[in-house]
Amino acid sequence: MPELPEVEVSRLGITPHVEKQRVQAVRVWYPTLRWPIPDDVYLLEQQPITAIHRRAKYLLLESTFGALILHLGMSGKLRVVPTETPRVKHDHFELELENGLSLRLNDARRFGAVLWQPTGELHPQLQQLGPEPLTDALTADHLYHLSRGKTGPVKNFIMDNAVVVGVGNIYANEALFATGIDPRRAAGNISQARYARLTDAIKDVLARAIEQGGTTLRDFTRADGQPGYFRLELAVYGRGGLPCPTCGREIAEQRIGQRNSFFCTRCQR
DNA sequence: ATGTTGACCTGTAAGC
DNA sequence: TGCTTACAGGTCAACA
């Protein structure tokens, strides 16, 4: 479900219900997702959630003794429901809040994570992350300089969280189409001018996706249950064999780095 | 160091 | 109608 826009939409959706609320109870229904859920998460009980931040695709629920870190993996979903709402299949974790609502993590594939970061520490999972794409931390110079000498495909390069965070398979395809760059091209073989345009395209496509409420493919829904509408704006992702919106040639579909990729062989070089 | 591959899991859709 | 297979928004560990 989630790339950066979907995580950000989730953050925006849950914040009004969760921020400033005291946690009445922490419930772990399934003890191991991608990693074991640490017992430290019970430190949240009786403490207020002071703010909800996002770093890469991680959500950080800040509190007195530290931050609860949530990652949605491939299939994770956050919902805010009345506490008495029955659990459904794959509901693994819950924060019961003082306002009678509960924040629930549902994750069929269990690639998601629930972690704990003590105040004043940076969790190991967050230590190797590249810059945030929607801030000035991501610059064309950064991508250009890091890419020198890299022989792997540029699509893999921009999906590497050590390079820049939050660019997943959908938006990597879209940003490369918007820039006219062939996703198979070696990252080190792209000019500074083209990285400038690619940087702008990454920022633009992510920002527009957030505005549209994210991309709903199979099952992503916002915290209020509404779908995201960015799917309607996808130019190439999931459109193999259909005409390129720019030139009309059939959109190519090919696996790059084990991920399905979509591009126009005429518009992207 | 860098690049590539397999692994983790379940649900869904397509193919036979 | 069934059964089998391939694939899915992410990331990490183990290789060459």
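The following exercises, each with a worked solution, concern a predicted model of a protein chain with DNA.

**Exercise 1.** Determine the strand order and the edge strands of the open sheet that contains β1.

*Solution.* Step 1: the four strands of this open sheet follow the order β1-β6-β7-β5, and their pairing is antiparallel. Step 2: the edge strands are β1, at residues 23-28, and β5, at residues 76-82, since each of these pairs on one side only. Step 3: from one strand to the next, the twist averages 15°. Step 4: the pairing of β5 can then be examined, and its partner β7 (residues 101-107) is joined to β5 by seven bridges in the antiparallel sense. Within this pairing, G76 has D107 of β7 as its bridge partner.

**Exercise 2.** Determine the order of the open sheet that contains β2, and explain why one side of β2 and of β8 is left without a neighbour in the sheet.

*Solution.* Step 1: this open sheet also has four strands with antiparallel pairing, in the order β2-β3-β4-β8. Step 2: β2 (51-55) and β8 (113-118) are at the edges and have a single partner strand each, so one side of each lacks a neighbour in the sheet. Step 3: the twist here averages 25° from one strand to the next. Step 4: inside the sheet, β3 (residues 58-62) and β4 (residues 66-71) run antiparallel and are joined by five bridges. The bridge partner of Y58 is H71 in β4.

**Exercise 3.** Describe how helix α1 is placed on each of the two sheets.

*Solution.* Step 1: on the sheet with β2, α1 packs so that it touches β2 and β3, and its direction makes about 175° with that of β2. Step 2: helix α1, which spans residues 4-18, also lies across β5, β6 (91-97) and β7. Its angle to β5 is about 30°. Step 3: taken together, α1 touches β2 and β3 of one sheet and lies across β5, β6 and β7 of the other.

**Exercise 4.** Relate the two UniProt domain annotations to the chain.

*Solution.* Step 1: an unreviewed UniProt entry lists "domain: Formamidopyrimidine-DNA glycosylase catalytic" for residues 2-112. This span is 14% helix and 39% strand, with its end C-alpha atoms 10 Å apart. Step 2: the annotation "domain: FPG-type", likewise from an unreviewed UniProt entry, covers residues 235-269. Over those residues the chain is 0% helix and 29% strand, and the end C-alpha atoms are 17 Å apart. Step 3: strands β9 (residues 252-256) and β10 (residues 259-263) run antiparallel and are joined by five bridges. R255 stands opposite N260 in β10. Step 4: the hairpin of β9 and β10 has two residues between the strands, and G257 takes a positive phi near 55° there.

**Exercise 5.** Identify the residues around DNA strand B and the parts of the strand that their polar atoms approach.

*Solution.* Step 1: the residues around DNA strand B are K89, H90, A108, R109, R110, F111, K150, T151, G152, P153 and Q258. Of the atoms of DNA strand B that come within 4 Å of the protein, 55% belong to sugar and phosphate. Step 2: these surface residues divide into three nonpolar, four polar and four charged. Step 3: an N or O atom in the side chain of K89 is 3.1 Å from a phosphate oxygen of DNA strand B. A polar backbone atom of A108 is 3.4 Å from a sugar or linking oxygen of DNA strand B. For Q258, an N or O atom in the side chain is 3.2 Å from a base nitrogen of DNA strand B.

How values were computed: Residues are numbered from 1 along each chain as its sequence is written. Chains are lettered from A and ligands numbered from 1 in the order in which they are written. This is a predicted model: local features need pLDDT of at least 70, side-chain atom pairs count only at pLDDT 80 or more; totals for chains, interfaces and linings use all residues. Side-chain values use heavy atoms; hydrogens and water are left out. A residue is near a molecule or strand if one of its heavy atoms lies within 4 Å of it. A polar contact is a pair of N or O atoms within 3.5 Å; within protein, one must be able to donate a hydrogen and the other to accept it, and residues adjacent in sequence count only if both atoms are side-chain atoms. Ala, Val, Leu, Ile, Met, Phe, Trp, Tyr, Cys and Pro count as nonpolar, Asp, Glu, Lys and Arg as charged, and the others, Gly among them, as polar. Two strands pair if DSSP finds at least two bridges between them. Axes are lines fitted to C-alpha atoms, for helices over the stretch in contact, and angles run from 0 to 180 degrees between N-to-C directions. Contact means heavy atoms within 4.5 Å. UniProt positions are given in the numbering used here, feature names are shortened, and annotations may be inferred rather than shown by experiment.
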